[in-house]
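Here's a quick walk through the fold, from the annotated domain to the sheets, the helices and the cysteines. Have the viewer open as you read.

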Amino acid sequence: MAFAPFSRGLHEVAPNCWAWFEPPGSWGLSNSGIVRIGDEVLVIDTQNDVGRGRAVRAAATDIGGPGAVTTVVNTHEDGDHWFGNMFFEDARIVATTAAAKGMRTLRVDPRRLSEVGAEGTALRRWSRWRASIYDYEGWRPVYPTETFDGAHTLRIGDGAVELHEVGPAHTGGDAIVHVPDAGVVYAGDILFHRSTPIVWAGPVSRYIAACDVVLSLEPAVVVPGHGPVAGTSGVREARGYLSRLLDHATRCVEAGIPVEQAYRSFDPGEYRLWPHASRALQSIRAVYAEFRPECDGLSWQDAMEIVLADDAS
Ligand SMILES: [Zn+2]
């Protein structure tokens, strides 16, 4: 089966496995997954807003029929992967304990998105742009109803999928979903396919280890959190980028170089054409947070201002 094209909406990626794509996959435009096992349907990540959450719910109900959507997995705490949970209140909603905790301490209430950042800043322009493409009219948070830690078998219909907690990595509580019978991994934001990843939590070494967990499962198809469907080569590329960034940031930490200088001197090499190269600043900060936080000196707002001002894509 050829890889599905990266166009908006529902695509079959393997027998009984689908992905919902939101191209181009940039800030908050994320993918969802739908898996049918027996007479039940699992949804992986529920999109970023009301319209998109409703659309994925409708697609999942079409696939399984009324009452078939029994289970949701949220791969992590970022809003673009769970803000559509309000359309799945009739299902059990599963996440890692750490992700469920993170969801309850939102940095930004999406209903007040356009107010983020001071007037005239790149952060404010970015917030306004996001407020213009996402719809939070009537939105409310709906949290996971079940949590797990480590590895977890999730029984669905007459079969099961395997959940693997791989965080903290991208965020504090990342998980991936393995559908062994189909050879599919839904990787959440462990994979930003053909685009620059961002490390909110780290350690970066654990993000790299999370790529290794995906590779160890030898999937035929990897559905990333953002971007088009990948094979294992796409995961190896992401691993290569993160290893290069970790090497550079570690050298800078050891030399006591300020974090912004470490960012300015980072050469992404063969990954330089990936969009959102400036996310490297935040990922380098994760290395500093681990080994030498006193050499960072940037607040989240300071860092985002640089990331967004330099984000040409
Ligand atoms: Zn995401």
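What follows is a short tour of a predicted model.

Let's start with the annotation. An unreviewed UniProt entry puts the feature "domain: Metallo-beta-lactamase" at residues 29-226. In the model, that span is 24% helix and 29% strand, and its end C-alpha atoms sit 7 Å apart.

Now the sheets. One is an open sheet of seven strands with mixed pairing, in the order 1-2-3-4-5-6-7. Its edges are strand 1 (9-14) and strand 7 (146-148), each of which pairs on one side only. On average, and ignoring direction, neighbouring strands here are turned by 25 degrees against each other. Inside this sheet, strand 2 and strand 3 are antiparallel, and Trp18 stands opposite Ile34 in strand 3. Helix 1 (residues 50-64) lies across strand 1, strand 2, strand 3, strand 4 (40-44) and strand 5 (69-73), and runs at about 15 degrees to strand 3.

There's also an open sheet of five strands, again with mixed pairing, ordered 8-9-10-11-12. Strand 8 (151-156) and strand 12 (221-226) each have a single partner strand, so one side of each has no neighbour in the sheet. Neighbouring strands of this sheet are turned by 25 degrees on average, direction ignored. Strand 10 and strand 11 run antiparallel, with Val185 of strand 11 as the bridge partner of His178. Helix 4 (residues 204-216) packs on this sheet, touching strand 10, strand 11 and strand 12, and its direction makes about 160 degrees with that of strand 11.

Here are the two antiparallel pairs side by side:

| Strand | Partner | Bridges |
|---|---|---|
| Strand 2 (residues 17-21) | Strand 3 (residues 32-37) | four bridges |
| Strand 10 (residues 175-179) | Strand 11 (residues 184-192) | three bridges |

Further along the chain, helix 7 (residues 280-291) packs against helix 8 (residues 300-309) at an angle of about 145 degrees, with axes 8 Å apart. Helix 7 brings Leu281, Gln282 and Arg285 to the contact, while helix 8 brings Trp300, Ala303, Ile306 and Val307. By class, that's five nonpolar residues, one polar and one charged.

Last, the cysteines. How many disulfides are there? The count comes to zero. Take Cys252: the closest cysteine sulfur, in Cys295, is 10 Å from its own sulfur, which is too far for a bond because a disulfide needs the two sulfurs within 2.5 Å. Is Cys252 buried or exposed? Cys252 is buried, at a relative accessible area of 5%. Cys17 is buried too, with a relative accessible area of 1%.

Methods: Residues are numbered from 1 along each chain as its sequence is written. This is a predicted model: local features need pLDDT of at least 70, side-chain atom pairs count only at pLDDT 80 or more; totals for chains, interfaces and linings use all residues. Side-chain values use heavy atoms; hydrogens and water are left out. Buried means under 20% relative accessible area, exposed over 50%, partly exposed in between (1.4 Å probe, protein chains only). UniProt positions are given in the numbering used here, feature names are shortened, and annotations may be inferred rather than shown by experiment. Helices (H or I, at least four residues) and strands (E, at least two) are DSSP runs, numbered from the N terminus. Axes are lines fitted to C-alpha atoms, for helices over the stretch in contact, and angles run from 0 to 180 degrees between N-to-C directions. Contact means heavy atoms within 4.5 Å. Ala, Val, Leu, Ile, Met, Phe, Trp, Tyr, Cys and Pro count as nonpolar, Asp, Glu, Lys and Arg as charged, and the others, Gly among them, as polar. Two strands pair if DSSP finds at least two bridges between them.
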